[in-house]
There are 2 protein chains.
Amino acid sequence: MTTSPAVSVIVRPPAAGARGRADPCLTCEARPHSVCHAIDERSLERLASIAVVTHVAPGKTFIVEGDPAGEFCNITAGTARIYKLLADGRRQITGFAQRGDFLGLAVSSTYAFSAEAIDEVSLCRFSRRNLQALLADFPAMERCLLEVASNELVAAQDQMLLLGRKTARERLASFLVAQLQRVEAGGQSGDRILLVMTRTDIADYLGVTIETVSRTFTRLKADRIIALPDIRTVVIADRARLNEAAEAS
Amino acid sequence: MTTSPAVSVIVRPPAAGARGRADPCLTCEARPHSVCHAIDERSLERLASIAVVTHVAPGKTFIVEGDPAGEFCNITAGTARIYKLLADGRRQITGFAQRGDFLGLAVSSTYAFSAEAIDEVSLCRFSRRNLQALLADFPAMERCLLEVASNELVAAQDQMLLLGRKTARERLASFLVAQLQRVEAGGQSGDRILLVMTRTDIADYLGVTIETVSRTFTRLKADRIIALPDIRTVVIADRARLNEAAEAS
DNA sequence: CGTTATCTTGACGTACATCAAATGTCGTGG
DNA sequence: CCACGACATTTGATGTACGTCAAGATAACG
């Protein structure tokens, strides 16, 4: 339950950055993974002109729930925890945002969640006004956003099933399966996961306590389903039984 | 955990229905509440030509998780439970769809959830092909769908917080507050809620058992926060304390 | 290498689940 | 109108998975 002090970001001025050298959007590594790929290469300059590149240090909060939602942002590197808090400090992490993920879609005038950098995070900010103008000119991007939102909705329903009905063991197994799929979707297959988030993050994502996460890890290890060479890496020793344990429906 | 036998719907042929009398979309009571309002009145005929009006009897399942997702649908009357099942029958209701709600947005080729009529449900079906063509011609409708999806995403995050971190009492109070807001959004204010869903539905929506729902209702009643004149109506006796109990963050 | 944060493990408590039975509700037909 | 059955809901007794509290073990870091 880390309470970050204040937002503290390093902003590279967009105009100066975009004008001086080759279009930054053209060479952006995150573009193929994000909604920006909906814009053709010739129009990328326009995209670059409204994007503000920002870097956030680990542990820093860059979106605060309840603040006026003036900007959207697109993660280009690193991982952020997306979460909501109750008045007494209970925290629910609703997702981990990574390269290509788009934050702040909500129509409401205030953010419905907070976002905090786990490791070093890079992102592009777009003001609501600018983005809306852009969307009007590029319907393909709007369609792409709709697809992204739809997929997130499906993921959210999966997570509701997990939080409402699965046991601690099923929750952790489901989490590991999902992490593994994310690795595989990124090209490199393999049987290992590198966890950027802490046990506390995993606990707050799965709706259990840190002790339960730890004990469940230990039990999966005892059952030879996983191995934990070090704290941050999980080796999947028996994928079939992991899927079983996840109640993959 | 009602397992409905099979889909059984009454379909009114669209062409015949649409041609014979005034454009059904023009007089549709659900239009102002749904994405259909994004289409101007002169173009409604086109909308009507691709919509298939369907009626579903109480208890009948009209969308089955895992089935090929050939159609979208728009609820025009009644209430449906949207849910996911685990292999052993555990159920999580992810939402209650009502007039104006749009189902089946997901990009995937199969439905990610099941939908079952609670009371008599009326809906419009659109084939994926037809709707995509329509969206291409009416970007306003696409924008509207994006807004709807964004709002649902916010609601989903709220529900994750509820399922992951709230106590049974907080869950039920939150549910009642949300139901009350839905009534108020529909124009008529008031201090009473008419529940179309059963206690089992509420339990599966809140991630607890039916016994816990019942006991929690009894306790809220004992605390003079609500009254239950009959099983399906909840009278809010003390709104302030209900909000408190919901941990409205 | 101390210092501090993170993680694991153990002992114990509790909110909610499970099992079981009583009570209430509603439709149906005599 | 009332009796009956089927089902939904409430209530009670008891069990348990997970939470809480507390102490070590490990890893991270200046």
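**Reading a protein–DNA model, feature by feature**

User: Let me start at DNA strand D. What distance lies between a polar side-chain atom of Arg199(B) and a phosphate oxygen of that strand?

Analyst: The distance is 3.0 Å. Please keep in mind that this is a predicted model. A pair of N or O atoms is read as a polar contact when it lies within 3.5 Å, and the Arg199(B) pair, at 3.0 Å, can be judged against that cut-off. Thr212(A) offers another case: an N or O atom in its side chain is 2.3 Å from a phosphate oxygen of DNA strand D.

User: Which part of DNA strand D does the side chain of Arg215(B) approach?

Analyst: Here the partner is a base nitrogen of DNA strand D, 2.8 Å from an N or O atom in the Arg215(B) side chain. When you step back to whole elements, α7 (210-222) of chain A and both α6 (199-206) and α7 (210-222) of chain B each give two or more residues to the surface near the strand. The top contributor is α7(B), with four residues.

User: Which residues come nearest to DNA strand D?

Analyst: There are 17 residues around the strand, and the nearest are Ala168(A), Thr212(A), Ser214(B), Arg215(B) and Thr218(B). On the DNA side, sugar and phosphate make up 67% of the strand D atoms that come within 4 Å of the protein. Sorted by class, this protein surface holds eight polar, five charged and four nonpolar residues.

User: Now the two protein chains. How many residues of chain B are in contact with chain A, and what area is buried between them?

Analyst: It helps to look at both a residue count and an area. In contact terms, 48 residues of chain B meet 48 residues of chain A. In area terms, about 4,200 Å² is buried between the chains, and carbon and sulfur atoms give 62% of that. Within chain B, the residues that lose the most area to chain A are Leu146(B), Met160(B) and Arg165(B), which together supply 18% of what that side buries.

User: How many salt bridges are found across this interface?

Analyst: The rule finds ten salt bridges between chain B and chain A. One of them joins Glu170(A) to Arg90(B), whose closest N and O atoms are 2.8 Å apart. Polar contacts are counted separately, and 20 residue pairs are in polar contact between the chains. Of the elements in chain B, α4(B) gives the most to the side touching chain A, with 21 residues. By class, that side of chain B has 23 nonpolar, 15 charged and ten polar residues.

User: Is helix α6 (residues 199-206) of chain A mostly covered or mostly open?

Analyst: Mostly covered: seven of the eight residues in this helix are buried. Among them are Ile202(A), Ala203(A), Tyr205(A) and Leu206(A). The partners they pack against include α5 (168-185) of chain A and α4 of chain B. Just past α6(A), Gly207(A) takes a positive phi of about 70°.

User: Last one: why does Thr110(B) count as partly exposed?

Analyst: Thr110(B) counts as partly exposed because its relative accessibility is 30%. You will find Thr110(B) in the loop between β7 (102-103) and β8 (114-117) of chain B. Leaving aside residues up to four places away in sequence, Thr110(B) touches Gly66(B), Asp67(B), Pro68(B) and Ala69(B).

Notes
Residues are numbered from 1 along each chain as its sequence is written. Chains are lettered from A and ligands numbered from 1 in the order in which they are written. This is a predicted model: local features need pLDDT of at least 70, side-chain atom pairs count only at pLDDT 80 or more; totals for chains, interfaces and linings use all residues. Side-chain values use heavy atoms; hydrogens and water are left out. A residue is near a molecule or strand if one of its heavy atoms lies within 4 Å of it. A polar contact is a pair of N or O atoms within 3.5 Å; within protein, one must be able to donate a hydrogen and the other to accept it, and residues adjacent in sequence count only if both atoms are side-chain atoms. Ala, Val, Leu, Ile, Met, Phe, Trp, Tyr, Cys and Pro count as nonpolar, Asp, Glu, Lys and Arg as charged, and the others, Gly among them, as polar. Contact means heavy atoms within 4.5 Å. Buried area is the accessible area (1.4 Å probe) that two parts lose on being put together, summed over both. A salt bridge is a side-chain nitrogen of Lys or Arg within 4 Å of a carboxyl oxygen of Asp or Glu. Buried means under 20% relative accessible area, exposed over 50%, partly exposed in between (1.4 Å probe, protein chains only).
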